[in-house]
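Thanks, everyone. Let me put the model on the screen, and we'll walk through it together.

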Amino acid sequence: MSEDAQTGPVDDPDREYVLGPDSQPQAGVPQGRITHYRWDNSRIYPGTVRDYWVYVPAQYDAAKPACLMVFQDGEGFMQADGQYRVPVVVDNLIHRGDLPVIVCLFINPGSCPGKPVPSYLPEQPRQIEYDTLSDRYVRLLLEEIIPEVRKDRNLTDDPNLWAIGGASSGGICAWTAAWERPDSFRKVLSIVGSFADIRGGHNCPSLIRKTPRKPIRIFLQGGSNDLDWEFGNWPLANQEMAAALKFKGYDYKFVFGKGTHSGKHGGAILPDALRWLWRK
């Protein structure tokens with residue numbers, strides 16, 4: 001295997017996906033503030049503990065209700081040197097007028113201290129929360145976490161100005177949250193979403209086709225070199241989702257590259273994805 005000095009192995013399907021200037025700190029752009037919290041008093045998922053972070057942009061004015069966007073696996077989306085760098089991207093795009101003022105909630109899946117993590121993937125706590133087709137997880141957000149966020153921040157009640165996103169199982173989780181509660185979330189970002197049979201997610205395209213269209217806008221990203229294993233084929237699953245969304249007339253955009261099950265492609269196009277998702 002040969003190597004490229006800047007981008008790594010030349011046969012890496014993700015090598016062409018690199019972060020652009022919108023994902024880098026820019027001179028003169030005011031930076032938002034991030035505050036860390038821990039939630040260990042859940043009624044929805046008893047016995048779990050989870051960390052979450054709240055990003056508030058510099059342009060936030062407590063007198064004006066702000067928009068909201070939630071990210072599953074939040075720590076990964078928040079990292080300043082990670083694949084997504086959401087706070088940096090949002091700083092830049094709000095400053096340029098490409099996004100409204102958005103408060104971001106970065107939330108990790110729950111863990112169960114003192115209990116061993118099951119070896120079988122579908123029974124792990126993250127998969128139970130993210131891959132299950134029910135309203136349980138979105139109830140955690142709406143009944144427990146977001147009320148805590150709102151104690152110190154003024155958020156709009158307009159569901160058209162609430163978004164939710166994630167990658168892999170976090171991507172299907174975002175879709176399920178909006179599907180179950182479009183009265184709260186109407187914008188979805190899914191990166192290499194796990195619309196496969198981990199806990200029934202392969203049923204999503206069929207549900208879309210058979211259910212009256214819901215007021216959801218979704219940006220869907222996938223890659224031809226994504227996973228293909230016992231729980232399903234990720235490239236085909238995302239193409240099935242896109243076909244169902246098209247059939248039902250959803251406001252959607254599907255970007256299908258040649259990447260693997262990673263955030264490389266999704267991170268590279270994240271600024272454009274957010275612009276499209278939040279367009280007026």
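Start at Ser168. Is it buried or exposed? Its relative accessible area is 14%, and the cut-off for buried is under 20%, so Ser168 counts as buried. Keep in mind that this is a predicted model. Where does Ser168 sit? In the loop between E7 and helix H5, which covers 169-180. Now look at the backbone there. Ser168 has a positive phi, near 60°, and it is a residue other than glycine. Most residues other than glycine have a negative phi.

Arg85 is another case to look at. Its phi is positive too, about 55°, although Arg85 is not a glycine. Find Arg85 in the loop between helix H1 (74-78) and helix H2 (86-95). Arg85 has a relative accessibility of 16%, so this arginine counts as buried.

Next, Thr156. Which elements flank its loop? Helix H4 (136-150) comes before, and strand E7 (162-167) comes after. Thr156 is buried, with a relative accessible area of 12%. What does it touch? Leaving aside residues up to four places away in sequence, the list is Pro65, Ala66, Cys67, Arg150, Leu161 and Trp162. There is also a polar pair to point out. A polar atom of the Thr156 side chain lies 3.0 Å from the backbone nitrogen of Asp158.

Now zoom out to the sheet. It is open, it has eight strands, and the pairing is mixed. Read the order with me: E3-E4-E6-E5-E7-E8-E9-E12. Which strands stand at the edges? Strand E3 (33-39) and strand E12 (251-257). Each has a single partner strand, so one side of each has no neighbour in the sheet. On average, neighbouring strands are turned by 15° against each other, ignoring direction.

Take one pair from that sheet. Strand E5, residues 67-72, and strand E6, residues 102-107, run parallel. How many bridges join them? Six. Within this pair, Met69 has Cys104 in E6 as its bridge partner.

Last, the helices on the sheet. H5 lies across E5, E7, strand E8 (187-191) and strand E9 (217-223). Against E7, H5 runs at about 155°. Helix H7, residues 234-248, packs on the sheet as well, touching E9 and E12. The direction of H7 makes about 155° with that of E12.

One thing to take back to your desks. Ser168, with its positive phi, is in the loop that leads from E7 to H5, and H5 in turn lies across E7. Thanks.

Notes: Residues are numbered from 1 along each chain as its sequence is written. This is a predicted model: local features need pLDDT of at least 70, side-chain atom pairs count only at pLDDT 80 or more; totals for chains, interfaces and linings use all residues. Side-chain values use heavy atoms; hydrogens and water are left out. Helices (H or I, at least four residues) and strands (E, at least two) are DSSP runs, numbered from the N terminus. Buried means under 20% relative accessible area, exposed over 50%, partly exposed in between (1.4 Å probe, protein chains only). A polar contact is a pair of N or O atoms within 3.5 Å; within protein, one must be able to donate a hydrogen and the other to accept it, and residues adjacent in sequence count only if both atoms are side-chain atoms. Contact means heavy atoms within 4.5 Å. Two strands pair if DSSP finds at least two bridges between them. Axes are lines fitted to C-alpha atoms, for helices over the stretch in contact, and angles run from 0 to 180 degrees between N-to-C directions.
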